[in-house]
Amino acid sequence: QVQLVESGGGLVEAGGSLTLSCAASRRTFSNAMGWFRQAPGKQREFVAVISWSGGRTIYADSVKGRFTISRDNAKNTSYLQMSSLKSEDTAVYYCAAGRSVVTITGAYDYWGQGTQVTVSS
């Protein structure tokens, strides 16, 4: 069993930046580390995913050019650097570990509890 713990959420003004972290309890043998988000009244949606080597990344169109996903396998940690934040980025952000570099929530085996990001306009 792998436990994932997100941190780094908070309140930020529009145009600002935040970096989220996701720490795994042990080395994840899963290939991919992903980030998803869920706004009130909406379904959970894909944000970004990164392969084990870091050589492959996929971003949702809504965050492309503003968010950067990365990972440090020595620390069992993935990161989501968010810049130029908009009010529509307000959501609970979840990290997840999966076996494939895909955008589908059902493909991920382990999930964190989420961290709130609120962007004030």
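## A quick look at V101, T115 and a four-stranded sheet

V101 counts as buried, because its relative accessibility of 10% falls under the 20% cut-off. Keep in mind that this is a predicted model. Below, we start with V101, move on to T115, and finish with an open sheet of four strands.

**Around V101**
- You'll find V101 in the loop that runs between β9 (91-98) and β10 (108-111).
- Setting aside neighbours within four places in sequence, V101 touches N31, A32, V49, S51, R56 and I58.
- R71 is 30 residues away from V101 in sequence, and their C-alpha atoms are 14 Å apart in space.

**Around T115**
- T115 belongs to strand β11, which covers residues 115-120.
- With a relative accessibility of 11%, T115 counts as buried too.
- A polar atom of the T115 side chain sits 3.3 Å from the backbone nitrogen of G9.
- Apart from neighbours within four places in sequence, the contacts of T115 are E6, S7, G8, G9, L20, A91, V92 and Y93.

**The four-stranded sheet**
- Going across this open sheet, the strand order is β1-β3-β8-β7, and the pairing is antiparallel.
- β1 (4-7) and β7 (67-72) are the edge strands: each has a single partner strand, so one side of each has no neighbour in the sheet.
- On average, neighbouring strands here are turned by 15° against each other, ignoring direction.
- Within the sheet, β3 (residues 18-24) and β8 (residues 77-82) make an antiparallel pair over six bridges.
- Look for A23 and you'll see T77 of β8 standing opposite.

Technical notes. Residues numbered from 1 in each chain as written. Predicted model: local features only at pLDDT ≥ 70, side-chain atom pairs only at ≥ 80, totals over all residues. Heavy atoms only, no water. Helix = DSSP H or I, 4+ residues; strand = E, 2+ residues; numbered from the N terminus. Buried < 20%, exposed > 50% of the residue type's maximum accessible area, 1.4 Å probe, protein only. Contact = heavy atoms within 4.5 Å. Polar contact = N/O pair within 3.5 Å; in protein donor to acceptor, adjacent residues only side chain to side chain. Pairing = 2+ DSSP bridges. Axes fitted to C-alpha atoms, helices over the stretch in contact; angles between N-to-C directions.
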